[in-house]
Every structure is written in structure tokens, then in C-alpha cells.
Amino acid sequence: MSKETLELHWGKHHRGYVDKLNKQIANTDFERYNLEDLINVSYNNGNPQPIFNNAAQVWNHDFFWDTLRPHGGKEPSGQVLDRITKQFGSYDAFVEDFKHAATTLFGSGWVWLSLKKDTELVVEKSLNAINPLVWDHIPLLSLDIWEHAYYLDFQNERGAYINMFFDNLINWEAVENRLNRAKGFIGLGDIIIPSVESIQEREKRSYYV
Ligand SMILES: [Fe+2]
């Protein structure tokens, strides 16, 4: 991703969403919400209120920048790779799914790798500003498919932009951190069998309490 694209995308487009949202919510009840609550409330069960687009696009871009790093990309490792392999059959099969979603998305939007129903990993598309939070999914990875994300660098070659994302830009550590955070409040289907030592330790502690 070129310096020019980053400067324009982050400095103008993202900034524009922030400025417009701040103007829209000034002196309204919406000021007291955090951004995620604001998205859910203004989504209004599929009948979005005017602030929804700017609120969601602010969140989407915050999330997207955190998904990228210089010299990133390649294959993930550890639990991220394990879960992808378990869900999609292989890392290559996941990449194929994601690239297919990204190349076939019509118009502007986003492609996501999300956790759905607590344990299932899914590749999903969203149009315009919509993101998986409004479906109660937990996003782990995203790719911006608005033309402002790639037109300067690749013009109409969206596929080249998607390849660059996979080859050089994905921050898999961020994805792993998001997965770890998700574990804090959902089960992820892992069965944790406590060791005999930890049970004995707990009993010992409770005896003294
Ligand atoms: Fe964007």
C-alpha cells in the first residue's frame, strides 16, 4: 500500500467519517454512547438512523488499520492457524474463500473473518458501512473493499490489492489478540479439563480459607 493511499485513506476518508459523526452527535443523546453501542443502537435492527454510516465507518477503519502491518501477511501460526484449518480444511482453502468473497463483492463494502455462534469461523461480506457487530458476530480480520482503498495503487485491479493484503499486510498477531479477547467472554467450544494438581491446589486453598 503506497504512502499516498494511506495518507488519503486514513487522513481524509477516515478523518471525514470522524468529523461528520462528531458533528452529527453533538448535543444529542448519542454523545453518551461508546462507539460500539452507538453502532448497534443506530443500526436500529436494519433500519439505520443517519449516524449509523459514519459511526460504523469510524469503527471499521480503526479495526482495519489495526489489522495491517508492514512486512505482514504470509501464513498465521498457532491457534489462529489451527482454527482456520479446522474450519476451512486448510489455510489455502480459507484464502480461496476470502479472495472469492472479496472479488465478488458488488459495490462498496468489507470482507471479514468472524466468529459466529461462538465457535464457527466464517468469511462474510458486508455492504457499505455494515459490519459483523450488528449480527452479533465477533470480527477477527477485515479487508476494505471500497474503491478508495485501492484505486490509487491498483486502479480497477481489485485482485492485485487483495493479493497484496495476503502477501504483505495482514497482521496475524492482531488476529490472535482478538481471538484471545473473544475467549474472555465466549467458550469457543474448548473443553478445559483441570489437572489433578490444580484441583488439589484449589482444595488446599479452600481448606485454609
Ligand atoms: Fe476505507
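Author: Accessible areas here come from the Shrake-Rupley method with a 1.4 Å probe. The model itself is predicted. With that probe, the accessible surface of the protein comes to about 12,000 Å². Carbon and sulfur atoms own 51% of this surface.

Reader: What makes an atom a donor of the iron ion?

Author: A donor is an N, O or S atom within 2.8 Å of the metal. His-9 (NE2), His-61 (NE2), Asp-144 (OD) and His-148 (NE2) lie 1.9 to 2.1 Å from the iron ion. These values are within the 2.8 Å cut-off, so the atoms count as donors.

Reader: Why is the site of the iron ion called tetrahedral?

Author: Four donors earn that name if all angles lie between 85 and 135 degrees. Here the angles among the four donor atoms are 89 to 131°. They fall between those limits, so the site is tetrahedral. The ideal tetrahedral angle is 109.5 degrees.

Reader: How are the donor residues spaced in sequence?

Author: The spacing is H-x51-H-x82-D-x3-H. His-9 sits in helix α1 (residues 3-25) and His-61 in helix α3 (residues 52-66), so this pair ties together parts 52 residues apart in sequence.

Reader: Are His-9 and His-61 buried or exposed?

Author: Both His-9 and His-61 are buried. That puts each under 20% relative accessible area. Across the protein, buried residues make up 42% of the 209 residues.

Reader: What secondary structure does the protein have?

Author: The protein has nine helices and three strands. Along the sequence they run α-α-α-α-α-β-β-β-α-α-α-α.

Methods:
Residues numbered from 1 in each chain as written. Predicted model: local features only at pLDDT ≥ 70, side-chain atom pairs only at ≥ 80, totals over all residues. Heavy atoms only, no water. Donors = N, O, S within 2.8 Å, 3.2 Å for Na, K, Ca; no water. Tetrahedral: all angles 85-135°; square planar, octahedral: opposite > 155°, others 65-115°. Helix = DSSP H or I, 4+ residues; strand = E, 2+ residues; numbered from the N terminus. Buried < 20%, exposed > 50% of the residue type's maximum accessible area, 1.4 Å probe, protein only.
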